[in-house]
Amino acid sequence: MITTHAAASRFKSVVAIGPILRRSSTTVNSSNKRPSIAPKPSIDIKHIRDNPDLYTQTCIDRNYLTQKENPQRIIQLFQAWKQSQIDAGNVRQQNNFIQARLKILAAEPGIAIEERDELLLIAKTLKIKLYEASSSETKLNEEIESLAAELPNLTSQATPIGKEPRILGYVNERPNVSTTVNHVDVGTDLDLLDFAGAATTSGWGWYFLKNEGALLEHALIQYAINVATKHGFSVVSPPSMVYSHIASACGFQPRDQGGEQQSYTVAQPEKWKQSEAEYEGKPELTMAGTAEIPFAGMKASTTMKETALPLKIVGASRCYRAEAGARGVDTKGLYRVHEFTKVEMFAWTSKGKEVAAFDSMLAVQKEILQSLGLHCRILEMPTTDLGASAVRKIDIEAFFPSRRFKDEGYGEVTSASICTDYQTRRLNTRLKLASTSQTKTEFPSTVNGTALAVPRVLAALLENGWDEEEKTVKIPDVLHHWMHGIKIIKRKPS
């Protein structure tokens with residue numbers, strides 16, 4: 001029989017210990033709390049712990065300097081979590097011993113009352129300690145997941161390290177242009193563009209497309225979708241408004257690494273913000289900067305069948321970018337805007353089969369730009385130009401006469417990226433393998449690419465198709481089918 005003094009001595013250390021874990025000074029921002037309806041991410045944190053130097057170097061190469069300490073911080077937090085598990089296990093073992101002793105004493109009423117009272121007090125203390133340990137471990141896990149989610153994807157060996165891209169090739173011959181004609185002047189002269197009216201209604205960075213300019217937009221959309229479908233893409237029309245947590249899971253944050261605002265967030269009534277319970281049912285909404293976001297989110301929290309892959313889709317949508325860039329000659333007019341139409345390609349593939357989908361998208365891009373008669377260069381983009389989700393990115397830049405004195409006249413018109421399982425892990429998009437049991441799943445890869453971004457391509461067509469003597473713009477042959485018989489854009493009668 002254990003006396004009161006012996007019982008107290010045996011568990012003195014338990015009663016005396018403070019909280020088993022204290023939350024670290026780096027806390028998860030409560031304003032970024034994941035809504036209950038959001039997909040539960042499954043980031044490979046073990047791979048980060050096993051390869052901290054790889055992830056740190058990736059952050060440095062990609063200029064994610066504020067995240068370069070995350071891998072080591074994750075290791076520290078994981079060690080604290082393991083120690084918590086050990087400490088909590090010891091407390092649980094001691095609590096089990098006390099409960100067993102109390103059961104024996106309960107069978108002997110009137111005997112060792114003082115000991116029983118002492119053990120009940122200790123048991124109550126142990127219960128509090130176990131609750132605190134469980135709560136602390138949950139918070140530690142949340143912080144580890146938050147730090148892991150901030151890390152960019154790893155980088156392909158094909159990607160140049162640093163800031164300089166590698167030229168892979170060209171599309172069409174470079175035109176021998178001596179003028180620096182600007183699409184703004186051409187569009188205004190031919191009554192195709194109205195920036196003044198848009199500035200009045202919406203501000204700088206918006207525009208009206210008019211007459212043949214508006215027809216050109218629709219013609220470009222139809223042509224791009226037509227080419228993509230010939231390459232095996234199915235057509236989908238996505239929403240332009242998405243939950244902010246979906247955009248974040250795809251690698252798009254409200255602000256970039258330089259702190260510039262990138263996206264438009266839909267304002268919410270104050271009463272939603274004041275009530276935590278009510279807010280949980282109404283997650284924040286964001287205007288999508290690209291259809292890549294709703295396309296990726298379309299399969300969130302679902303399990304795909306391997307036999308259905310690759311699943312390749314294409315669709316047109318309005319896109320919204322809060323940061324349209326600094327004003328200047330090189331960003332004048334349609335080159336940088338807040339709202340535009342873009343035809344986007346997206347694909348889910350099995351692990352290791354991303355390149356085939358990637359090449360398919362590049363083939364669509366090259367076919368479109370070549371048939372439009374635009375001279376372009378193809379670039380393997382460097383580490384500092386990759387988005388958070390991409391392991392590899394190829395851009396195609398078209399020649400703009402108005403930009404002859406900047407970047408040799410080239411400006412980006414398309415982009416294609418391989419994202420491996422970065423997005424699907426964060427969106428909980430799983431893949432049922434055809435060769436395994438019913439319960440075995442993994443995460444598919446995603447690939448995305450621009451089929452055609454209307455404003456820049458339209459601007460390039462106006463500048464490259466401009467005839468200074470005739471004051472006209474020739475429309476590429478491949479667009480005639482959608483231009484109501486118009487082949488040349490001329491000045492309107494006064």
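What follows is a quick walk through the fold, the nonpolar cores and a few backbone oddities of a predicted model.

Starting with the overall picture, the chain's secondary structure adds up to 16 helices and 19 strands. Of its 494 residues, 47% count as buried. The contacts lean heavily on sequence-distant pairs: taking those between residues at least 6 apart in sequence, 76% join residues at least 24 apart. As for the outside, the accessible surface is about 24,500 Å², and carbon and sulfur atoms account for 51% of that.

On to the interior. In soluble globular proteins, nonpolar side chains tend to be buried together. Here the largest nonpolar core has 62 residues, and the members touching the most others are Leu-220, Ile-368, Leu-372 and Leu-479. The biggest contributor is helix H9 (residues 211-230), which puts in nine residues. Leaving aside residues up to four places away in sequence, Leu-479 touches Leu-216, Ala-219, Leu-220, Tyr-223, Leu-372 and Leu-461. Another core, of 19 residues, lies apart from this one, with Ile-246, Phe-295, Leu-431 and Leu-433 among its members.

The backbone has some quirks too. The peptide bond from Leu-309 to Pro-310 is cis, its omega sitting near 0°; Pro-310 belongs to the loop between strands S8 (303-305) and S9 (311-320). Asn-172 is a non-glycine residue with a positive phi, near 60°, and is placed in the loop between strand S1 (166-171) and helix H7 (183-189). Asp-191, likewise not a glycine, also has phi near 60°, this time in the loop between H7 and strand S2 (193-194). Asn-172 is partly exposed at 27% relative accessible area, and Asp-191 is partly exposed at 27% as well.

Terms used. Residues numbered from 1 in each chain as written. Predicted model: local features only at pLDDT ≥ 70, side-chain atom pairs only at ≥ 80, totals over all residues. Heavy atoms only, no water. Core = buried A, V, L, I, M, F, W, Y, C linked by side-chain atoms within 4.5 Å. Buried < 20%, exposed > 50% of the residue type's maximum accessible area, 1.4 Å probe, protein only. Helix = DSSP H or I, 4+ residues; strand = E, 2+ residues; numbered from the N terminus. Contact = heavy atoms within 4.5 Å. Areas by Shrake-Rupley, 256 points an atom, 1.4 Å probe, with all protein chains shown as cover.
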